[in-house]
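Colleague: I am new to this one. Please walk me through the spaces inside and the packing around them.

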Amino acid sequence: METRLGRARGKRAAVIARLGVALACAALLASVGCSGTGDGFGRRTVAVAFYAFFEPVSLSADPEPGTAGFDVHVGYEADLLSAIEAMEGVGLRFERRGISTWEGIWFEPATGGTDLAAGGITILESRTVDAAGDTVVAFTDGHIEFRQSLLVRAGDAPRLDDHDSLTGGDIVGALPNTTGEARLLQLIGVADEAGGLNAGTRVHTPAGEVVVAADGALTITAAGASPELARRVRLIPADPNRPQVLYLGDDAGAPLGEAALLSALSEGRVDAVARGAVGNSQIAAASQGQFAVTAFDDQVEQGGFVVDAADTDLLERMNTALGWLTDNGRIGFAHWLADPDIFMARAAHWPALQQP
């Protein structure tokens, strides 16, 4: 794990260096009068909360909360935002703040103090409504594609080549309230598409074991879970031939959970980690052959930024800029991996006459 963290920090440093031009552009915008509510030229400073631990999509330059580098945003989404800042006429400048807790990150723009949330957030209608059923946030157009997968020990890759290969003797690690968890439960036949759990499913929590009844009342989705299951630590399917699901870490989706799952995989306490292929591939590449990625899901998800539902001005500006930078979805993560300057190059050719 120390080797992996060392490599990750080296990559953070490299990405920060590539952001020099973008940061200079942001400083120039600030010097000509950006303010919290905009100025006479339509410029606007946008408060951004970004998830700090989704390498290489969205991460902090320094993974330690409380440090100055924790609020320095690097990675794929950081480069997109920096390119938007450099697009003359779009009029956006981003003030970024790293956050370490994944759960409910998509509601940040609706709770005050944040205009935009970032962090590789999958676009789901269920993530736009609050507990009362009111639509409180909106997603931008998608700018990245995700597919779910399994991270396994390299020696297990031939055996665990798809989700159907998982048996009752296997244990799969997952992060709560993620599309990785929600899709895993569907693929192993424990939950339906709406997140409803099969009758007889047993869920261990600090308060005791919850046995799912046949009324369909208990659910686990990427947007959250029934209150009784909020602090789940283990899920045991009613079908003994299906794998158990293990959750580790103090907070749902927190970095401790991910680190603990990777350690558990390395030590043999879990047989796979259910997670997006982007993140799993990054870990496998840095593992010196220890891990491999298998069981790529056929279902493709779209990721986007999140704004307050009432903030149509920001939504329109973001969608206009993202449409140009991604060539309306034809340029994405794979292109950025091959050429990390691709979005800044696109920004340099932005025709100001198309400004919103």
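Modeller: Start with terms. Helices (H or I, at least four residues) and strands (E, at least two) are DSSP runs, numbered from the N terminus. This is a predicted model: local features need pLDDT of at least 70, side-chain atom pairs count only at pLDDT 80 or more, and totals for chains, interfaces and linings use all residues. Residues are numbered from 1 along each chain as its sequence is written, and side-chain values use heavy atoms, without hydrogens and water.

Colleague: How many cavities of 30 Å³ or more are there?

Modeller: A cavity is a set of points on a 1 Å grid over the protein atoms alone where a 1.4 Å probe fits but cannot get out; lining residues have an atom within 4 Å of a point. Here the search finds 3. The largest holds about 300 Å³, a volume being the space filled by probe spheres set on the points. Its lining has 20 residues, with Phe54, Trp102, Thr178, Arg275 and Gly276 closest to the centre.

Colleague: Which elements supply at least two residues of that lining?

Modeller: Strand 2 (53–54), strand 6 (116–122), helix 4 (179–187) and strand 17 (272–276).

Colleague: And the second largest cavity?

Modeller: Its volume is about 40 Å³. Among its lining residues are Leu175, Glu258 and Ile283. Helix 5 (255–267) and strand 17 each give two or more.

Colleague: What does Met318 touch?

Modeller: Contact means heavy atoms within 4.5 Å. Leaving aside neighbours within four places in sequence, Met318 contacts Leu81, Ile84, Leu92, Phe94, Leu116, Thr140 and Phe305.

Technical notes
On a 1 Å grid over the protein atoms alone, a cavity is a set of points where a 1.4 Å probe fits but cannot get out, and a pocket is an open set with protein on both sides within 12 Å along at least five of seven lines; lining residues have an atom within 4 Å of a point.
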